[in-house]
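Here are a few short exercises to help you find your way around. Try each task by yourself before you read the solution under it.

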Amino acid sequence: MQDMLRFDSFTLKNGLRVIVHRDKSTPMVAMNIIYKVGSRDENPDRTGFAHLFEHLMFGGSVNIPKYDKPLQKAGGENNAFTNNDYTNYYLTIPKNNLETAFWLESDRMLSLAFSEKSLDVQKQVVIEEFKQNYLNQPYGDVYLLLKPLAYKKHPYKWNTIGKDISHIEQANMDHVKIFYKKYYNPNNAILSIAGDVETNEIERLAEKWFGPIPSGKSIERNYPEEPSQVKLR
């Protein structure tokens, strides 16, 4: 029987939970930030926002106009994904340049740069993704049709991409700022680090880069309860 994965965990005063796993076998470090927001948290009349935000988060922050450029210079790479329950941002970077990752992720948690140009660009990216993957290929819309049959009340009844392409087309700056302010806060996130690192050093870096970020308001989640299915559909 293999050993269980060992890790240390601590929580900053602003509510950010940090998990540290030491892996001495690699010179690379993986950083992962989960924001506890997915498509289930969206307004039923304004869906697709969690996924749209996944794209917007790469549009630059106030102090770092281009997220990818300094990361690539430091030898790192990154990606992200969204599902019903959370949005996940992850990167790998050489251990010697780990503080660059803390700098990048903390700045876009604190002060994402919002511009009409960035919003328009990312909306078009998501709209084209919607068309390519769900509307313009045979059976691409199968999950758009299946989920509302499987769920009648719970917000799992729409896809991460959204219920309707018009919801993304109609998204405006006020909508995305409200979404960011509500969900993209340290007390709604989990930061994990895996690599040949010491927990006390990660705690120092987390306090330095994430500690000053204020907590957001507590989020009450009251999802509609899905009734028992009693007939075929």
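**Exercise 1: Tyr 139 and its surroundings**

Tyr 139 sits in the loop that runs between helix 4 and helix 5. Keep in mind as you work that this is a predicted model.

*Task.* Work out whether Tyr 139 is buried or exposed, and find which residues join Tyr 139 in a nonpolar surface patch.

*Solution.* Start with the accessibility. Tyr 139 has a relative accessibility of 72%. The cut-off for exposed is over 50%, so Tyr 139 counts as exposed.

Next, look for the nonpolar patch. Tyr 139, Val 142, Tyr 143, Leu 146 and Leu 149 make a patch of about 550 Å² on the surface. Helix 5 covers 142–150.

Finally, check the backbone. Most residues other than glycine have a negative phi. Tyr 139 is not a glycine, yet its phi is positive, at about 65°.

**Exercise 2: two residues of helix 4**

*Task.* Take Lys 117 and Ile 127, and decide for each one: buried or exposed?

*Solution.* Begin by placing them. Helix 4 spans residues 116–135, and Lys 117 is in it. Ile 127 is in helix 4 too.

Now for the accessible areas. Lys 117 has a relative accessible area of 67%, so Lys 117 is exposed. For Ile 127 the value is 4%, so Ile 127 is buried.

Then see what each one is part of or how it relates to another residue. Lys 117 gathers with Lys 66, Lys 69 and Lys 73 in a surface patch of positive charge. As for Ile 127, pick Ile 219 as a partner: the two are 92 residues apart along the chain, and their C-alpha atoms are separated by 29 Å.

**Exercise 3: aromatic rings**

*Task.* Find how many aromatic pairs the whole structure has, then work out what kind of pair Tyr 180 and Tyr 184 form.

*Solution.* Count first: a search of the whole structure gives 18 aromatic pairs.

Now pick out one pair. The ring centres of Tyr 180 and Tyr 184 are 5.8 Å apart, and their planes meet at 20°. Planes under 30 degrees apart count as stacked, so this pair of Tyr 180 and Tyr 184 is stacked.

Check the surroundings of both rings. Tyr 180 is buried, as its relative accessible area is 9%. Tyr 184 is buried as well, with a value of 1%.

Last, zoom out. Ring pairs join Tyr 180 and Tyr 184 into a cluster whose members include Tyr 35, Phe 49, Phe 53, Phe 58 and Tyr 183.

Conventions
Residues are numbered from 1 along each chain as its sequence is written. This is a predicted model: local features need pLDDT of at least 70, side-chain atom pairs count only at pLDDT 80 or more; totals for chains, interfaces and linings use all residues. Side-chain values use heavy atoms; hydrogens and water are left out. Patches are made of residues with over 30% relative accessible area and no salt bridge: like charges are joined within 9 Å, nonpolar side chains (Val, Leu, Ile, Met, Phe, Trp, Tyr) within 5 Å. Accessible areas come from the Shrake-Rupley method with a 1.4 Å probe; for residues, only the protein chains shown count as cover. A salt bridge is a side-chain nitrogen of Lys or Arg within 4 Å of a carboxyl oxygen of Asp or Glu. Lys and Arg count as positive and Asp and Glu as negative; His and the chain ends are not counted. The place of a charge is taken as NZ of Lys, CZ of Arg, CG of Asp or CD of Glu. Helices (H or I, at least four residues) and strands (E, at least two) are DSSP runs, numbered from the N terminus. Buried means under 20% relative accessible area, exposed over 50%, partly exposed in between (1.4 Å probe, protein chains only). Rings of Phe, Tyr and Trp (its six-membered ring) pair if their centres lie within 6.5 Å; planes under 30 degrees apart count as stacked, over 60 as edge-to-face and the rest as tilted.
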